[in-house]
Amino acid sequence: MKIISGKDERRLYSDLAWTWPIISPVEDYIEETELFSKLIKEHSTIEVNTLLHLGCGGGHNDYTFKKHFKVTSADISEDMLTLAKKLNPEVNYRYGDMRTIRLEEKFDVVTILDSINYIKTVENLQRTFITAYEHLKSGGVFLTFVEQIAGKFKQNNTTYSTHSQGDVEITFIENCYDPDSNDTNYEVTFIYLIRVGGKPEVHTDRHLCGIFQLETWLELLKATGFKVKQVKFTHSTFTEGESYPMLICIKPL
Ligand SMILES: C[S@@+](CC[C@H](N)C(=O)[O-])C[C@H]1O[C@@H](n2cnc3c(N)ncnc32)[C@H](O)[C@@H]1O
């Protein structure tokens, strides 16, 4: 069997991007994105029409956001942007890094969802929050959530799932490991067992992500100028008691 290990991290967003709609289907994002849209509308102090989504990936959240808002989205992976444009031709897709992008427009809403965990330092988390603040109209909502919290990390947590499309079958394994709990990084290792027409290949991939104390998120958001409300993000597929802090950040009028 052929085993292909990437030298570069994040092959999922480059040569393996074609697997994204198979291993993480768009239907799986509808429930959460409906919840995000409802919370945005409930918490905004201004009327919400325009939304900026940073780190939009393959556009699976945008597929539902576009039913509620006029959406502009950005990502640093050209391959993921290609998938997103195909899925959502109505969305304005831009190439851009959430730490540094500056568009000539302000929005009623800014979201950063399952991409913010790629921010690996406190300094860059602050820069990312400043990006959100600078693109937001006063009274608007910046919505994000915290997937990993320092002190609550589950070492070696491993999940797997199997998916198929046509003659392609993919078993996708994800392992989270923190080699040093004193720094702000942890590793996510992906293993893909891909069968095309029954012929197997194994691919591996490694992503370095960021992990911070919840207090750090709250302090940085406050220092940026946001007023922050916390709600629990739960989902019908989560295990009993599982939830993530969702941060609803208002830019004061
Ligand atoms: C898990 S995927 C997002 C999937 C997305 N929720 C969807 O609907 O398809 C994470 C994305 O974050 C992007 N990303 C990572 N670091 C980024 C950064 N600094 N700025 C913008 N995008 C970033 C990656 O390129 C990747 O497309």
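Which helix lies across β11 and β12? Helix α6, residues 214–224, is the one to look for, and it runs at about 5 degrees to β12. The legends below take you through this predicted model one close-up at a time.

**View 1. The seven-stranded sheet has mixed pairing and is open.** Reading across it, the strand order is β4-β3-β2-β5-β6-β12-β11. The edges belong to β4 (92–95) and β11 (227–233); each has a single partner strand, so one side of each is left without a neighbour in the sheet. On average, and with direction ignored, neighbouring strands here are turned by 20 degrees against each other. Helix α2, residues 30–43, packs on this sheet and touches β5, β6, β11 and β12. The direction of α2 makes about 145 degrees with that of β6. As a reminder while you look along the strands, side chains in a regular strand alternate between the two faces of the sheet.

**View 2. Strands β2 and β3 run parallel.** Here β2 covers residues 50–54 and β3 covers residues 70–75, and five bridges join them. To find your place in this pair, start from His 53 and step across to its bridge partner in β3, Ser 73.

**View 3. Strand β6 is largely enclosed by the rest of the structure.** This strand spans residues 136–145, and seven of its ten residues are buried, which is why it counts as largely enclosed. Next to it is β5 (residues 107–112), which runs parallel to β6 and is joined to it by five bridges. Phe 107 has Leu 136 of β6 as its bridge partner. Between these two strands the chain passes through helix α5, residues 122–134, and the resulting β-α-β crossover is right-handed. β6 is also joined by five bridges to β12 (residues 244–250), and this pair runs antiparallel. Thr 144 is a handy landmark here, with Leu 247 as its bridge partner in β12. Both arrangements are familiar ones: strands of a sheet pair through backbone hydrogen bonds, either parallel or antiparallel.

**View 4. Ala 132 is a buried residue of the crossover helix.** You will find Ala 132 in helix α5. It has 26 C-beta neighbours inside 10 Å, and 20 or more are needed for a residue to be called buried, so Ala 132 qualifies. Setting aside residues up to four places away in sequence, Ala 132 touches Val 110, Ile 112 and Phe 142. Leu 52 is 80 residues away from Ala 132 along the chain, yet their C-alpha atoms are separated by 8.8 Å.

**View 5. His 135 sits in the loop between α5 and β6.** Is this loop residue buried or exposed? His 135 is buried, with 22 other C-beta atoms within 10 Å. Beyond its neighbours within four places in sequence, His 135 is in contact with Leu 52, Leu 103, Lys 106, Phe 107 and Val 110. Glu 104 lies 31 residues from His 135 along the chain, with 8.6 Å between their C-alpha atoms.

**View 6. A shell of 21 residues surrounds the ligand.** The closest of them are Gly 55, Gly 57, His 60, Ser 77 and Ser 115. By residue type, the shell divides into nine nonpolar, eight polar and four charged.

**View 7. Strands β9 and β10 form a hairpin.** β9 takes in residues 185–196 and β10 residues 199–210; they run antiparallel and are joined by twelve bridges. Follow Phe 190 across to β10 and you meet its bridge partner, Asp 205. Two residues lie between the strands, and Gly 197 in the turn has a positive phi of about 60 degrees.

**View 8. Two exposed loop residues, Asn 156 and Thr 237, round off the set.** Asn 156 belongs to the loop between β6 and β7 (157–165) and has 8 other C-beta atoms within 10 Å. Its phi is near 65 degrees, a positive value in a residue other than glycine. Thr 237 lies in the loop between β11 and β12, with 9 other C-beta atoms within 10 Å. Thr 237 and Thr 121 are 30 Å apart, C-alpha to C-alpha, and 116 residues apart in sequence.

Note on methods:
Residues numbered from 1 in each chain as written. Predicted model: local features only at pLDDT ≥ 70, side-chain atom pairs only at ≥ 80, totals over all residues. Buried ≥ 20, exposed ≤ 12 C-beta atoms within 10 Å, placed from the backbone. Helix = DSSP H or I, 4+ residues; strand = E, 2+ residues; numbered from the N terminus. Pairing = 2+ DSSP bridges. Right-handed = clockwise from strand over helix to strand, strands pointing away. Near = placed C-beta within 6 Å. Nonpolar A, V, L, I, M, F, W, Y, C, P; charged D, E, K, R; others polar. Axes fitted to C-alpha atoms, helices over the stretch in contact; angles between N-to-C directions. Contact = placed C-beta atoms within 7 Å.
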